[in-house]
Amino acid sequence: MSSWWLAEQSDPLPRVRVDEPDVEIVGAGITGVSAALTLAHAGQRVRVHDAREVAGGASGRNGGFALRGGTMAYDKAREWLGRDQARAYWRLTEEYLDRLASLAGDALRRVGSLRVAADDEERAEIRTEYEALREDGFDAEWRTEAVGGRFPAAIFHPDDAAIQPARLVRRLAAQAAADGVEIVEHHRVESLEQLEAERVLVATDGYPSGLLGELEGLIIPTRGQMLATEPIAERLFDCPHYGRHGFDYWQQLPDGRITAGGFRDFALDSEFTDAEETTPAIQGALESFVADLAGRPLRVERRWAGIFGLVLDFLPVVGPLPGNDRAWVAGGYSGHGNVLGFMCGDLVARALLGETHDVLTLFDPVRLARAV
Ligand SMILES: Cc1cc2nc3c(=O)[nH]c(=O)nc-3n(C[C@H](O)[C@H](O)[C@H](O)COP(=O)(O)OP(=O)(O)OC[C@H]3O[C@@H](n4cnc5c(N)ncnc54)[C@H](O)[C@@H]3O)c2cc1C
């Protein structure tokens, strides 16, 4: 079943045809659409293909959290990347979140986000992250009364946002079409030889495209499941919440319904899959969790699944495909791709135009091929 977000009505995209594209992009999620916008603004002729519709992949099926930062906690990023690189990476995501907010209209609400600790052990972990953020000059607030005392502590990130992700990506796609980008929906690209452009970008994140050569499968398809309840009258949550190391995430929408996702760790083996379907075990866990949050069982109005691409070092994969002088890749956000996808789509487009950003040295696809 498609997601709560994708079920929202939208206007059809303007019809655009591009002859002899300079760049063809596979994948019309946040990454592909962001890249298309940047390339079109630079005067490139761009065609985007998607096997489904715009935002039909994870970009229209996710939790709707637009968070600054990388996938790992900030203190871990400092350990793994060094303080300067971690700080620069986080700052860059903040800039892209601001830019996304300026384009999103009513698809984005700047309400902040709460990373909650489920128990005392996690409290100690998030305290370490909070202190690292503050030491490096980032805005963050320590909360000890998170969600009416239900959780021992939380970090409030004041500039994060809640998004209606399908509306957001459709809006960006409409803008790209208005800027002259051709978007071909319901067309699966079976091989790169099918494409005519001199440069190709594969922006398929966790969905196996068959186009990534030796990187295929190294961005590991991973399933996330979600549900949306009936609307409720009481306002329980003002902003997106996530806890248990990001395994659980939920928010309350403006109309009062709760969307929740996660609990992958209840059946980790079966969730490393590209089968976009829900399962009773995880849906049952989500339903009980939401009933617990609300203090009573709530009617579930929609259940869905989506696939994201997991990378073992939690860094995106952005750059030329190893051994291929025509094709580039941008993806592998490990479940954190709303802002990162927007950012990496722009950065890869700029790199295609010859303007490489320092952060891309961290995201080099070659590291995945070497690690095999
Ligand atoms: C349940 C769930 C919850 C999540 N929650 C969050 C969250 O709250 N915050 C956050 O930041 N991130 C979240 N994520 C991750 C985020 O959704 C993704 O990282 C991001 O949407 C990836 O965007 P993308 O454009 O790179 O790929 P996608 O949006 O997945 O798009 C890839 C597209 O490629 C197409 N495709 C694949 N192969 C081919 C082919 N051969 N030919 C043509 N088309 C092809 C697919 O049809 C698909 O539409 C979540 C993911 C899931 C699944």
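A crossing of two helices is called right-handed if the near helix is turned clockwise from the far one by less than a right angle. The legends below apply to a predicted model.

**View 1. Helix 2 crosses helix 3 in a right-handed sense.**
The axes of helix 2 (residues 74-81) and helix 3 (residues 83-104) come within 7 Å and cross at roughly 135 degrees. Angles over 145 degrees would count as roughly antiparallel and those from 65 to 115 as roughly perpendicular, and the two helices are therefore oblique to each other. On the side of helix 2 the contact is made by Tyr74, Ala77, Arg78 and Leu81, and on the side of helix 3 by Arg83, Gln85, Ala86, Tyr89 and Trp90. Sorted by class, this contact of helix 2 with helix 3 comprises six nonpolar residues, one polar residue and two charged residues.

**View 2. Helix 3 packs against helix 8 at an angle of about 90 degrees.**
The axes of helix 3 and helix 8 lie 9 Å apart, and the angle between them makes helix 3 roughly perpendicular to helix 8. Helix 3 contributes Leu92, Thr93, Tyr96, Leu97 and Leu100 to the contact, while helix 8 contributes Val339, Leu340, Phe342 and Met343. The residues of this contact divide into eight nonpolar and one polar, with no charged residue.

**View 3. Helix 1 and helix 8 meet in a right-handed crossing.**
Here the axes are 7 Å apart and the packing angle is about 40 degrees, which makes helix 1 oblique to helix 8. From helix 1, the residues Ile30, Thr31, Gly32, Val33, Ser34, Ala35, Thr38 and Leu39 take part. The residues of helix 8 that they meet include Gly337, Asn338, Gly341, Phe342 and Cys344, and among the others are Asp346, Val348 and Arg350. By class, the contact of helix 1 with helix 8 has nine nonpolar, eight polar and two charged residues.

**View 4. The ligand is surrounded by a shell of 44 residues.**
Of these residues, Gly29, Gly57, Gly63, Gly224 and Gly337 come nearest to the ligand. Helix 1 (30-41), helix 8 (337-352), strand 11 and strand 15 each supply at least two residues of the shell. The shell divides into 15 nonpolar, 24 polar and five charged residues.

**View 5. Eight strands form an open sheet with mixed pairing.**
The strands follow one another in the order 6-7-5-12-13-14-11-15, and the edges are strand 6 (141-143) and strand 15 (300-310), each of which pairs on one side only. On average, and with direction ignored, neighbouring strands of this sheet are turned by 20 degrees against each other. Helix 4 (residues 120-135) packs on the sheet, where it touches strand 5 (113-117), strand 6 and strand 7 (153-157), and the direction of helix 4 makes about 30 degrees with that of strand 7.

**View 6. Strand 11 pairs with strand 14 and with strand 15, in the antiparallel sense.**
Strands of a sheet pair through backbone hydrogen bonds, either parallel or antiparallel. Strand 11 (residues 220-231) and strand 14 (residues 257-262) are paired over four bridges, whereas strand 11 and strand 15 are paired over 10 bridges. Within the pairing with strand 14, methionine 226 stands opposite glycine 261, and alanine 228 stands opposite threonine 259. Alanine 228 also has a bridge partner in strand 15, namely arginine 302.

**View 7. Three strands form an open sheet with antiparallel pairing.**
The order of the strands is 3-8-4, with strand 3 (65-66) and strand 4 (108-109) as the edge strands, each pairing on one side only. Strand 4 is joined by two bridges to strand 8 (residues 161-163), and these two strands run antiparallel. Arginine 109 has alanine 162 of strand 8 as its bridge partner.

Definitions and conventions: Residues are numbered from 1 along each chain as its sequence is written. This is a predicted model: local features need pLDDT of at least 70, side-chain atom pairs count only at pLDDT 80 or more; totals for chains, interfaces and linings use all residues. Axes are lines fitted to C-alpha atoms, for helices over the stretch in contact, and angles run from 0 to 180 degrees between N-to-C directions. Angles under 35 degrees count as roughly parallel, over 145 as roughly antiparallel, 65 to 115 as roughly perpendicular and the rest as oblique. Two residues are in contact if their C-beta atoms, placed from the backbone, lie within 7 Å. Ala, Val, Leu, Ile, Met, Phe, Trp, Tyr, Cys and Pro count as nonpolar, Asp, Glu, Lys and Arg as charged, and the others, Gly among them, as polar. Two strands pair if DSSP finds at least two bridges between them. A residue is near a molecule or strand if its C-beta atom, placed from the backbone, lies within 6 Å of it.
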